[in-house]
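Biologist: Before we discuss how the helices pack, could you bring up the model and take me through what was computed from it?

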Amino acid sequence: MTLPHRLEPNPYRPPLVAGEKETLAALLDYHRAIVVHKLEGVREEDARRPMVPSGTSLLGIVQHLTNVELSWFVVMFAGLDADVRADSWAIPDDETIESVRARYEGACDRSRAVTDGAALDDVAVHGWRGGKPTFRWVLGHMLEETARHCGHLDILREQLDGTTGD
């Protein structure tokens, strides 16, 4: 039997055997890498072009993910200040693919730095919806959030130029 396509080796794929924290963090990093990869080879005007009736664009999704990284890990969990933008979906005219990507990667680096020593049962500094989530919950939520938006990026990129896959 021949498969319709072959999966190429991917250095970002998480290990199949690891502890709970390492597995969740590796899965999140895998999806973070996909977010960055989806911007590769895209023209500036195409990256900011709304591709669906809601106005969603490739850069809008990445900027939104930047804000949620900072909001959940840095502000809520660690209780630190961060440059969280009021409208995370709008891309100012002076932003470029490179600047949005760099801000996203910087937010991911900062998230890793403030949570590196956290235990899964550690509780966030700030609450949400009447309670303070554990690091396990925040990590799981951000994995879900990032993976969901990777799916959106997949669809937008395929509509844009036919590129598929992670």
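**Contacts, core and helix packing**

Modeller: In this predicted model, Leu-139 touches Lys-21, Leu-24, Ala-25, Leu-28, Phe-73 and Leu-120, leaving aside residues up to four places away in sequence.

Biologist: Which helix supplies the largest share of the largest nonpolar core?

Modeller: That core has 37 residues, and those with the most contacts inside it are Val-35, Leu-58, Leu-59, Phe-73, Tyr-104, Phe-135 and Leu-139. Helices α1, α3 (58-77), α4 and α5 each supply at least two of its residues. The largest share, ten residues, comes from α3.

Biologist: Are α1 and α4 roughly parallel or roughly antiparallel?

Modeller: The axes of α1 (residues 20-37) and α4 (residues 97-115) come within 11 Å and cross at roughly 170 degrees. Because angles over 145 degrees count as roughly antiparallel, α1 is, relative to α4, roughly antiparallel.

Biologist: How many charged residues does the contact of α1 with α4 have?

Modeller: From α1, the residues Lys-21, Asp-29, Arg-32, Val-35 and Val-36 take part, and they meet Arg-101, Tyr-104, Glu-105, Cys-108, Ser-111, Arg-112 and Thr-115 in α4. By class, this contact has four nonpolar and two polar residues, while the number of charged residues is six.

Biologist: What phi does Gly-162 take, just after α5?

Modeller: Helix α5 (residues 135-161) has 27 residues and spans 38 Å from its first C-alpha to its last, close to the 39 Å expected at 1.5 Å a residue. Just after this helix, Gly-162 takes a positive phi, of about 85 degrees.

Technical notes
Residues are numbered from 1 along each chain as its sequence is written. This is a predicted model: local features need pLDDT of at least 70, side-chain atom pairs count only at pLDDT 80 or more; totals for chains, interfaces and linings use all residues. Side-chain values use heavy atoms; hydrogens and water are left out. Axes are lines fitted to C-alpha atoms, for helices over the stretch in contact, and angles run from 0 to 180 degrees between N-to-C directions. Helices (H or I, at least four residues) and strands (E, at least two) are DSSP runs, numbered from the N terminus. Angles under 35 degrees count as roughly parallel, over 145 as roughly antiparallel, 65 to 115 as roughly perpendicular and the rest as oblique. Contact means heavy atoms within 4.5 Å. Ala, Val, Leu, Ile, Met, Phe, Trp, Tyr, Cys and Pro count as nonpolar, Asp, Glu, Lys and Arg as charged, and the others, Gly among them, as polar. The expected span of a helix is 1.5 Å times one less than its number of residues. A nonpolar core is a set of buried Ala, Val, Leu, Ile, Met, Phe, Trp, Tyr and Cys residues joined through side-chain atoms within 4.5 Å. Buried means under 20% relative accessible area, exposed over 50%, partly exposed in between (1.4 Å probe, protein chains only).
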